[in-house]
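Here is a quick walk through one chain, told through its helices, its charges and a few residues worth clicking on. Have the viewer open and follow along.

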Amino acid sequence: MNLDFMSLKTTSVAAVKGERHKEKILERQKAQEMEQAMLSQRELNPYWKDGGTGLPPEKDEAASVKKVTVVEDAGLSWLQKSYQRMKEQAEREKRNFEEIVAERYGSMEIFQSRLEEAERVASRKENYYRSGRWKKTDYSESEKEKKEQHMTKETRDEDDRN
């Protein structure tokens with residue numbers, strides 16, 4: 001008898017399946033790496049580059065919530081935003097806030113007067129819209145009488161037809 005069959009390499013079905021599974025995983029990883037390399041070379045969004053999530057990092061959740069501004073608020077929202085940006089610039093550059101306001105508007109008093117005027121105009125407009133823009137008009141006595149006469153005339157005409 002020849003013992004050549006003992007020198008043959010034998011493998012189980014489970015071992016073969018395991019090797020195939022490992023090869024598939026490696027192929028997928030290589031394909032993802034190639035895709036990621038191609039994506040990051042041409043990506044314009046800085047939050048997607050270098051394996052990012054596509055969204056900016058959330059430093060402050062309160063800053064991410066935006067206020068709804070009113071249209072035609074006489075520049076109030078614009079002045080408030082300008083005020084906020086001047087405060088941020090003062091903190092960033094470690095300068096006096098009033099110096100920055102003076103550079104942009106001439107003086108703090110001028111800026112304050114503009115802000116107060118815008119607040120006054122915006123509150124007037126808001127009050128106008130709230131005060132009854134949609135109310136029924138209040139007819140004067142003569143208009144009420146005309147309306148009543150018109151209604152009685154219509155009812156007489158209808159009675160005549162019948």
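## Starting from a buried alanine

At 12% relative accessibility, Ala 122 counts as buried, because the cut-off for that label is under 20% relative accessible area. Ala 122 is found in helix 5, and helix 5 runs over residues 108–130. Bear in mind while you look at it that this is a predicted model.

What lies 8.4 Å from Ala 122 in space, C-alpha to C-alpha? That would be Gly 75, which is 47 residues away from Ala 122 in sequence.

## The overall fold

Zooming out, the protein chain has six helices and zero strands. Reading along the sequence, you get the pattern α-α-α-α-α-α. Of the 162 residues in the protein chain, 12% are buried, and Ala 122 is one of the buried residues.

## Ala 74 and its loop

Next, have a look at Ala 74. This residue sits in the loop between helix 2 (61–64) and helix 3. Ala 74 is partly exposed, with 37% relative accessible area. Its C-alpha atom is separated by 9.7 Å from that of Leu 115, and the two residues are 41 apart along the chain.

## The annotated stretch

The UniProt annotation "coiled-coil region", from an unreviewed entry, covers residues 76–103. In the model, that span is 89% helix and 0% strand, and its end C-alpha atoms lie 20 Å apart.

Helix 3 (76–93) and helix 4 (97–105) have a loop between them, and Lys 94 is in that loop. What is unusual about the backbone of Lys 94, given that it is not a glycine? Lys 94 has a positive phi of about 55°. Most residues other than glycine have a negative phi, and that is why this one is worth a click. Lys 94 also counts as exposed, at 73% relative accessibility.

A little further on is Phe 97, in helix 4. At 17% relative accessibility, Phe 97 counts as buried, while Lys 94 counts as exposed. Phe 97 and Met 108 are 11 residues apart along the chain, and 9.4 Å separates their C-alpha atoms.

## Salt bridges

Side chains of opposite charge can pair when their charged atoms come close. How many salt bridges does the count come to here? It comes to four.

Glu 93, Arg 95, Glu 99 and Glu 103 are linked in a salt-bridge network. Within it, Arg 95 pairs with Glu 99, the closest N and O atoms being 3.9 Å apart. That still counts, because the cut-off is within 4 Å. Arg 95 also forms a salt bridge with Glu 103, and there the closest N and O atoms are 2.3 Å apart. As for accessibility, Arg 95 is partly exposed at 28%, Glu 99 is partly exposed at 41%, and Glu 103 is exposed at 55%.

Back in helix 5, Arg 120 and Glu 117 form a salt bridge too, with 2.4 Å between the closest N and O atoms. Why can you find these two about one helical turn apart? Because they are three residues apart in helix 5. Both partners are partly exposed: Arg 120 has a relative accessible area of 43%, and Glu 117 comes in at 35%.

## A positive patch

Finally, go to the start of the chain's helix numbering. Helix 1 spans residues 13–42, and Lys 24 lies in it. Which residues gather with Lys 24 in a patch of positive charge on the surface? They are Lys 17, Arg 20 and Arg 28. None of the four counts as part of a salt bridge, because patches are made of residues with no salt bridge. So Lys 24 and its patch partners are a separate set from the Glu 93, Arg 95, Glu 99 and Glu 103 network, as patch residues have no salt bridge.

Definitions and conventions: Residues are numbered from 1 along each chain as its sequence is written. This is a predicted model: local features need pLDDT of at least 70, side-chain atom pairs count only at pLDDT 80 or more; totals for chains, interfaces and linings use all residues. Side-chain values use heavy atoms; hydrogens and water are left out. Patches are made of residues with over 30% relative accessible area and no salt bridge: like charges are joined within 9 Å, nonpolar side chains (Val, Leu, Ile, Met, Phe, Trp, Tyr) within 5 Å. Accessible areas come from the Shrake-Rupley method with a 1.4 Å probe; for residues, only the protein chains shown count as cover. A salt bridge is a side-chain nitrogen of Lys or Arg within 4 Å of a carboxyl oxygen of Asp or Glu. Lys and Arg count as positive and Asp and Glu as negative; His and the chain ends are not counted. The place of a charge is taken as NZ of Lys, CZ of Arg, CG of Asp or CD of Glu. Helices (H or I, at least four residues) and strands (E, at least two) are DSSP runs, numbered from the N terminus. UniProt positions are given in the numbering used here, feature names are shortened, and annotations may be inferred rather than shown by experiment. Buried means under 20% relative accessible area, exposed over 50%, partly exposed in between (1.4 Å probe, protein chains only).
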